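Colleague: I have a bit of time before the seminar. Could you walk me through this model step by step?
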Amino acid sequence: MADVTGEPRARHDAESTRNGPVFLPTTDIYENKDALYLSLELPGVDPDSLGVTLEKRVLTVCGHAGGDAPHGYSLSHAEYRSGHYERSFTLSDAIDGDRIEAAFTDGVLRLKLPKSQPAPAKTIQVRAAG
Amino acid sequence: MVRHGPGADLWGEPLATLRRIQDEINRAFGDQRWTPSAAEFPPVNVWRGPDGVIITAEIPGVKLDAVDLTVHQNTLTLKGSRSPEAFGAETSWHRRERSYGPFSRVIELPYAVDPDKVKASARNGVLIIELPRPEADRPHKISITASS
């Protein structure tokens with residue numbers, strides 16, 4: 001789905017086709033002059049189900065958690081739930097999509113999004129007619 | 001929503017009923033990640049089985065060797081610390097949603113556990129603690145001899 005307005009894709013606009021909840025991962029975002037850094041908490045997410053996409057300026061991270069039910073055991077007390085994680089961010093800076101680094105360790109996805117070098121400003125000559 | 005007709009077989013497929021209850025719970029909680037009982041960090045799920053109890057806890061960003069587990073009789077204590085990300089100077093923050101700092105949780109178990117038998121592992125930010133039920137506490141099968 002292309003994002004033409006530049007607005008973050010609202011998650012609640014449309015209902016998911018999948019049965020089950022969709023969670024927003026808890027996220028830290030900071031930047032320096034070279035890059036934008038994100039760390040997203042995705043506990044229990046299978047690394048194979050992780051998806052990171054950058055389309056135009058919208059970065060989307062998704063993943064699925066839910067394979068941790070021990071065989072032969074039944075849940076007797078629950079404080080957290082399994083399901084799908086999904087979150088999108090609209091990036092204000094131009095990002096060099098080819099140099100994005102992603103690492104998933106201990107349930108935390110760390111992304112480094114290097115900023116692309118701005119094109120040198122071009123001066124346009126205006127010729128006065130007449 | 002699927003409505004069951006008046007003639008629906010209540011006992012035929014118990015899993016369908018469970019699934020419907022699960023769906024209703026999901027709707028009631030909306031997209032809430034944690035249930036209202038999860039006030040402390042880390043949130044835990046408790047699983048019971050014939051061989052004992054398994055506790056799973058969400059500890060994103062915490063290494064297994066940074067977690068201190070102690071078992072004393074029927075009390076499990078889980079301690080550790082979440083350290084903030086290392087970031088250089090001249091950084092500006094956009095969002096700070098993650099929390100950091102020490103944590104400690106005490107969980108009461110249904111039986112006294114032999115500390116030597118406790119196994120802990122971690123996978124993708126989920127801590128898995130296996131607490132086998134002691135032999136003495138297991139139900140024993142009583143053989144019945146019919147007297148003629």
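Colleague: How much of the contact in chain A comes from residues 24 or more positions apart?

Modeller: Counting the contacts in chain A with a separation of 6 or more, 57% are between residues 24 or more positions apart. Please keep in mind that this is a predicted model, and that every such value is computed from it.

Colleague: And what share is it for chain B?

Modeller: For chain B, residues 24 or more positions apart make up 49% of the contacts with a separation of 6 or more.

Colleague: What is chain A built from, in terms of helices and strands?

Modeller: Chain A has zero helices and nine strands, and of its 130 residues 25% count as buried. Chain B, by contrast, has one helix and eight strands, with the helix coming ahead of the strands when the pattern is read along the sequence, and 20% of its 148 residues count as buried.

Colleague: How confident is the predictor in each chain?

Modeller: The average pLDDT of chain A is 82, with 83% of the residues scoring at least 70. Over residues 1-12 of chain A, however, the pLDDT is below 50, and this stretch has 16 contacts in the model beyond near neighbours in sequence. Chain B has a mean pLDDT of 80, and 73% of its residues reach 70 or more. Residues 1-12 of chain B also have a pLDDT below 50, and that stretch has zero contacts beyond near neighbours in sequence. Where pLDDT is low, the predicted coordinates should not be read in detail. For the complex, the predictor gives an ipTM of 0.76 and a pTM of 0.74.

Colleague: Back to the strands, then. In what order do the four strands of the open sheet in chain A lie?

Modeller: The order in that open sheet is 1-7-5-4, with mixed pairing, and its edge strands are strand 1 (22-23) and strand 4 (51-55) of chain A, each of which pairs on one side only. In general, strands of a sheet pair through backbone hydrogen bonds, either parallel or antiparallel.

Colleague: How many bridges join strand 4 of chain A to strand 5 of chain A?

Modeller: There are five bridges between strand 4 of chain A and strand 5 (residues 58-65) of chain A, and the two run antiparallel. You can follow the pairing residue by residue, since A:G51 stands opposite A:C62 and A:V52 has A:V61 as its bridge partner. These two strands of chain A form a hairpin with two residues between them, and A:K56 in the turn has a positive phi of about 55 degrees.

Colleague: What does strand 5 of chain A do with strand 7 of chain A?

Modeller: Strand 5 of chain A runs antiparallel to strand 7 (residues 83-90) of chain A, and eight bridges join them. A:C62 appears again here, standing opposite A:E86 in strand 7 of chain A.

Colleague: Changing topic, how many residues of each chain are in contact with the other chain?

Modeller: In the model, 37 residues of chain B are in contact with 35 residues of chain A. On the chain B side, strand 1 gives the most, with six residues, and by class that side has 13 nonpolar, 13 polar and eleven charged residues.

Colleague: Which strand of chain A pairs with strand 1 of chain B?

Modeller: That is strand 6 (residues 74-78) of chain A, which pairs with strand 1 of chain B in the antiparallel sense over four bridges. Within this pairing, A:H77 stands opposite B:V46.

Colleague: Which residues have the most contacts inside the largest nonpolar core?

Modeller: The largest nonpolar core has 17 residues, and those with the most contacts inside it are B:V53, B:I55, B:A57 and B:L127. A second, separate core of 14 residues includes A:L36, A:L38, A:V61 and A:L113. In soluble globular proteins, nonpolar side chains tend to be buried together.

Colleague: Last one: why does B:I128 count as partly exposed?

Modeller: B:I128 counts as partly exposed because it has 17 C-beta neighbours inside 10 Å, whereas a buried residue needs 20 or more. B:I128 is found in strand 8 (residues 126-132) of chain B, and its C-alpha atom is separated by 6.7 Å from that of B:A57, 71 residues apart along the chain.

Definitions and conventions: Residues are numbered from 1 along each chain as its sequence is written. Chains are lettered from A and ligands numbered from 1 in the order in which they are written. A residue is buried if 20 or more other C-beta atoms lie within 10 Å of its own, exposed if 12 or fewer, and partly exposed in between; C-beta atoms are placed from the backbone. Two residues are in contact if their C-beta atoms, placed from the backbone, lie within 7 Å. pLDDT is the predictor's confidence in each residue, from 0 to 100. Ala, Val, Leu, Ile, Met, Phe, Trp, Tyr, Cys and Pro count as nonpolar, Asp, Glu, Lys and Arg as charged, and the others, Gly among them, as polar. Two strands pair if DSSP finds at least two bridges between them. A nonpolar core is a set of buried Ala, Val, Leu, Ile, Met, Phe, Trp, Tyr and Cys residues joined through C-beta atoms within 7 Å.
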